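Grab a pencil and have the 3D view ready. Here are a few exercises, each followed by a worked solution.

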Amino acid sequence: MTDLKPDELLAKIDRNPPASGWMDTPINIKKGIYCYASNPKSVEYVGLPNVRKWNPLEEDWKLPENWQEILHKGFRERLERFRTFKIFMDICVRCGACADKCHFFIGTGDPKNMPVLRAELLRSVYRNDFTTFGKILGKFGGARKLTLDVLKEWWYYFFQCTECRRCSVFCPYGIDTAEITIMGRELLNLIGLNIDWVATPVANCYRTGNHLGIQPHALKGMFDFFVEDIEEVTGVLVEPQFNKKGADILFITPSGDYFADPGTYTCMGYIMLFHYLKEKYGLDVTWSTYASEGGNFGFFTSHETMKRLNSKMYAEARRLGVKWILGGECGHMWRVVHQYMDTMNGPADFMEEPVSPITGTKFENAKSTKMVHIAEFTADLIKHNKLELDKNRNDHLKVTFHDSCNPARGMGLLDEPRYVINNVCNNFYEMPPGTIREQTFCCGSGAGLNAGENIELRMAGGLPRANAVKHVHEKHGVNMLACICAIDRAAFPALMEYWVPEVDVIGLHEMVANALIMPGESKRTTDLRGEPLLGMEDEADE
């Protein structure tokens with residue numbers, strides 16, 4: 001946690017315009033506001049260029065001698081390849097509608113965290129190198145040369161963007177500024193300017209199938225602990241399946257749910273739901289120790305890396321011969337699947353069009369990708385009365401819901417999670433309208449920024465989200481923040497502890513599992529965390 005107390009961090013936010021123009025304000029890389037450079041072993045493992053040790057705080061970043069030439073060529077190639085990128089470079093009129101919509105600008109007051117200005121870091125070089133207007137007018141026309149200081153600005157500020165796309169909701173021209181960050185990061189990777197919280201997870205995914213580097217036997221071992229905990233709470237022995245050929249459905253979720261609380265409780269929720277569906281309806285679901293990561297850290301590196309990581313899920317589905325894929329509560333996995341999969345590795349026409357074998361519902365939105373989000377899958381089961389639920393078991397929780405950026409803005413998954421929550425929980429309260437659904441605020445730690453060394457940036461970036469949670473905590477007594485993203489479940493506990501310590505974090509399917517009446521279960525006195533259910537305090541202590 002940052003050494004700064006919350007009131008000290010608030011006092012640091014400077015809303016006054018800087019004394020100099022943005023082009024003349026020098027780069028100042030600050031402790032707590034940047035991520036460590038990538039580990040050379042990770043960079044080498046995945047074949048990224050310019051492998052070496054380097055430190056962002058040192059003057060010499062050990063760049064290739066022709067780094068400007070590499071970036072100029074890379075810039076040109078991407079302008080020719082991606083039409084949106086070229087359009088986004090040209091059409092911005094700098095109206096500033098996006099300026100105060102970014103959580104990092106709100107939380108830091110740094111003008112270069114305004115989306116319009118962060119993009120201008122790239123546009124200024126674009127004008128200088130690729131437009132006649134910029135070549136003639138130079139700085140007067142908003143153009144500047146790519147110098148070492150400009151390059152360092154790129155690295156510093158493109159890794160102060162979580163690619164959450166809130167700014168794009170407010171742009172009158174429809175410019176997706178997150179796409180500009182993606183291009184900026186991709187260019188930086190051409191000369192080996194990465195961060196370790198992205199490069200090492202990417203390397204781990206190549207090596208073991210998940211970003212934590214968990215080996216198959218260790219993964220199975222973790223599930224054995226989950227099985228024991230579930231039996232202790234419910235009296236039911238569950239038996240999750242792995243790598244089963246011919247199963248109906250392959251289930252893939254982010255590996256963050258295997259590893260740390262509170263994601264582990266969400267994982268236990270999945271296991272209990274699949275056991276229930278097997279016992280009641282004979283649905284055969286398998287997990288994979290190869291495709292054991294839903295998250296796609298390639299999304300924060302380059303299009304090619306994203307494509308390579310995306311392909312493993314479909315390769316495993318083909319190998320196992322499943323009908324379709326069910327995906328867990330993840331953020332960027334869903335943006336990659338929903339918006340990029342078809343043009344990267346699709347269409348996945350070797351699988352069947354997803355139809356629920358229990359309700360008969362055809363998931364039209366997954367017709368091409370063959371991958372269904374578990375929130376809509378579970379909402380459909382509830383809608384058709386296929387789950388026995390006791391929502392009173394969540395009465396010790398007063399819940400609000402965080403729309404995770406990528407499922408909300410990236411694929412429009414807005415109503416299904418709320419439908420599920422309202423059917424498994426009696427106490428649900430929405431945060432203010434301007435902070436939810438399409439206008440949701442980011443956790444402040446996505447896109448590879450969930451590192452310990454940049455904790456001050458994370459706490460500042462998460463301030464708008466925390467403010468909205470604080471509002472419903474004070475108004476309704478909310479004590480639980482629900483979400484459908486593993487990075488949220490990893491990032492929010494620290495954010496809540498810092499800004500709203502009375503509020504904890506939970507996944508959707510942990511609440512489903514609390515409410516689910518399992519076949520043959522014994523009388524439950526606690527939830528999955530071992531906390532006594534309301535009215536069961538005395539029995540839970542026995």
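**Exercise 1: A helix on the inside**

The buried residues of helix α8 are V150, L151, K152, E153, W154, W155, Y156, Y157 and F158. Keep in mind that you're looking at a predicted model.

Task: Work out why α8 counts as largely enclosed by the rest of the structure.

Solution:
- Step 1. Find the helix: α8 covers residues 148–158.
- Step 2. Apply the cut-off: a residue is buried if its relative accessible area is under 20%.
- Step 3. Count: 9 of the 11 residues of α8 pass, so the helix is largely enclosed by the rest of the structure.
- Step 4. Look for the partners: the buried residues of α8 pack against α3 (67–81), α6 (115–130) and α10 (177–189).

**Exercise 2: Sorting out a sheet**

Task: In what order do the strands of the open sheet of 3 strands lie, and which ones are at the edges?

Solution:
- Step 1. Read across the sheet: the order is β5-β6-β7, and the pairing is parallel.
- Step 2. Pick out strands that pair on one side only: these edge strands are β5 (399–401) and β7 (504–507).
- Step 3. Check the twist: neighbouring strands here are turned by 35 degrees against each other on average, ignoring direction.
- Step 4. Zoom in on one pair: β5 is joined to β6 (residues 480–483) by 3 bridges. Across this pair, F401 stands opposite A482 in β6.

**Exercise 3: Into the nonpolar cores**

Task: Which residues touch the most other members of the largest nonpolar core?

Solution:
- Step 1. Start with a general idea: in soluble globular proteins, nonpolar side chains tend to be buried together.
- Step 2. Go to the largest nonpolar core, which has 80 residues; W287 and F377 touch the most other members.
- Step 3. See who contributes: helix α14 (residues 263–281) gives the largest share of this core, 10 residues.
- Step 4. Don't stop there! Apart from this core lies another one, of 64 residues, including L71, L187, A199 and F299.

**Exercise 4: The whole chain**

Task: Why does the radius of gyration of the protein chain agree with a compact globule?

Solution:
- Step 1. Get the expected value: with 542 residues, a compact globule would have a radius of gyration near 24 Å.
- Step 2. Compare: the chain has 24 Å, which agrees.
- Step 3. Add the burial: 61% of the 542 residues count as buried.
- Step 4. Finish with the inventory: the chain has 24 helices and 7 strands.

Notes: Residues are numbered from 1 along each chain as its sequence is written. This is a predicted model: local features need pLDDT of at least 70, side-chain atom pairs count only at pLDDT 80 or more; totals for chains, interfaces and linings use all residues. Side-chain values use heavy atoms; hydrogens and water are left out. Two strands pair if DSSP finds at least two bridges between them. Helices (H or I, at least four residues) and strands (E, at least two) are DSSP runs, numbered from the N terminus. Axes are lines fitted to C-alpha atoms, for helices over the stretch in contact, and angles run from 0 to 180 degrees between N-to-C directions. A nonpolar core is a set of buried Ala, Val, Leu, Ile, Met, Phe, Trp, Tyr and Cys residues joined through side-chain atoms within 4.5 Å. Buried means under 20% relative accessible area, exposed over 50%, partly exposed in between (1.4 Å probe, protein chains only). The radius of gyration is taken over C-alpha atoms; the globule rule is 2.2 Å times the number of residues to the power 0.38. Contact means heavy atoms within 4.5 Å.
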